[in-house]
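Visitor: Please take one part of this structure and go through it closely. I would like the aromatic side chains and the elements that carry them.

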Amino acid sequence: MLANAPLLAIFAPHCLRPSITSFPFSMKHLRSSSASRQLRLCWLLLLLVTSSATHAQELSFQQLTTGETVRGFAAQAVYLDDLDRPMGGRFLHQRTGFTLDLLSIQSAPQAFIWVNSAPTSDMGEPHTQEHLLLGKGNNGRRHANLEGVSAVSSSAFTEQLRTCYHFHTAAGIGVFHQLFESQMDALLHPDYSDEEIRREVRNFGVAVNPADGKLRLEEKGTVYNEMVSSFERGWSRMARAVDIAMYGPHHPLAFVSGGLPAAIRQMKPEDIRRFHAANYQLWNMGMIASLPAPFELEATLARFDSAL
């Protein structure tokens with residue numbers, strides 16, 4: 001506001017008095033027309049000054065301080081770029097405990113959502129969630145359909161202690177927020193059936209024996225087939241032996257988060273649902289989000305707050 005004060009001071013006197021000219025024709029009309037123009041000019045200047053002052057007061061990463069509360073989030077850290085300029089921050093959602101790392105990067109809007117999902121057995125419960133949540137059940141299929149019309153690229157993977165889901169869209173920030181809300185709904189509120197679990201994880205199917213052409217029963221399932229293929233490699237068997245030697249057979253770092261084929265056979269739908277209920281809670285989740293500048297920090301946090 002102060003930076004614009006001199007400009008307003010220059011024009012203010014003219015806003016308060018009509019112009020006086022020495023033209024001999026239509027003096028009354030000329031004075032009225034000139035005063036009207038100057039009045040409109042004054043209103044325009046006032047709008048510009050007010051708009052500039054409002055814009056200057058908007059919160060940005062440059063003004064953010066640790067411990068500050070913004071739109072339901074508590075700022076825990078401010079991130080700097082290679083020139084020590086603020087370019088992001090870590091925020092904790094006060095109502096749910098969800099961790100948000102928000103960055104300003106000139107690229108497509110993108111998100112990396114993580115869930116703490118330490119395994120409790122060798123059955124591969126963390127891995128099954130990755131396969132089921134964003135594609136099975138009405139909620140999963142609805143989200144998959146939304147991705148199909150939103151210029152999205154997405155994927156997911158299971159680590160030893162975390163399960164991760166990431167996506168980016170070329171359709172803009174508005175579509176990004178729609179995708180985030182839809183994905184969080186699918187992650188938190190699955191409605192897949194027991195039959196969908198069996199078909200995706202492990203089941204029996206009819207196959208043709210290539211040796212004699214006879215039909216036979218065969219174990220299959222996306223999760224099961226993936227882990228059978230994984231443990232056909234010597235590296236996977238060696239890594240498991242090393243983990244057991246280091247941590248013991250019943251440690252979360254020694255369990256196979258993807259699932260041992262023999263243990264996957266023992267897993268039931270209720271095991272999968274129990275694991276989801278225990279781990280897929282907002283206080284146990286977080287996201288790294290990157291949005292292109294310019295974006296309003298407070299409005300963006302308010303949008304995330306309403307989604308959570």
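Guide: This is a predicted model. In it, R162 lies over the face of W114, at 4.1 Å from the ring centre. Both residues fall within strands that helix 5 (residues 173-188) lies across: strand 5 covers 110-116 and strand 7 covers 162-169. Helix 5 also crosses strand 6 and strand 10 (285-291), and runs at about 155° to strand 7. Helix 11 (residues 297-307) packs on the sheet as well, touching strands 1, 2, 3, 4 and 10, with its direction at about 145° to that of strand 4.

The sheet itself is open, with 8 strands in the order 1-2-3-4-10-5-7-6 and mixed pairing. Strand 1 (69-70) and strand 6 (152-158) each have a single partner strand, so one side of each has no neighbour in the sheet.

As for ring pairs, the whole structure holds 6 of them. In one, F73 and F91 have ring centres 6.4 Å apart and planes at 80°; planes over 60 degrees apart count as edge-to-face, so this pair is edge-to-face. F73 belongs to strand 2 and F91 to strand 3, so the pair ties together parts 18 residues apart in sequence. Both F73 and F91 are buried.

Another edge-to-face pair is F180 with F304, at 5.2 Å centre to centre and 90° between the planes. F180 sits in helix 5 and F304 in helix 11, 124 residues apart, which makes this a link between distant parts of the chain. F180 has a relative accessible area of 1% and is therefore buried; F304, also at 1%, is buried too. Ring pairs link F180 and F304 with F167 and F176 into a cluster.

Methods. Residues numbered from 1 in each chain as written. Predicted model: local features only at pLDDT ≥ 70, side-chain atom pairs only at ≥ 80, totals over all residues. Heavy atoms only, no water. Pairing = 2+ DSSP bridges. Helix = DSSP H or I, 4+ residues; strand = E, 2+ residues; numbered from the N terminus. Contact = heavy atoms within 4.5 Å. Axes fitted to C-alpha atoms, helices over the stretch in contact; angles between N-to-C directions. Phe/Tyr/Trp six-rings, centres within 6.5 Å; stacked < 30°, edge-to-face > 60°. Buried < 20%, exposed > 50% of the residue type's maximum accessible area, 1.4 Å probe, protein only. Lys NZ or Arg CZ within 6 Å of the ring centre and 35° of its normal.
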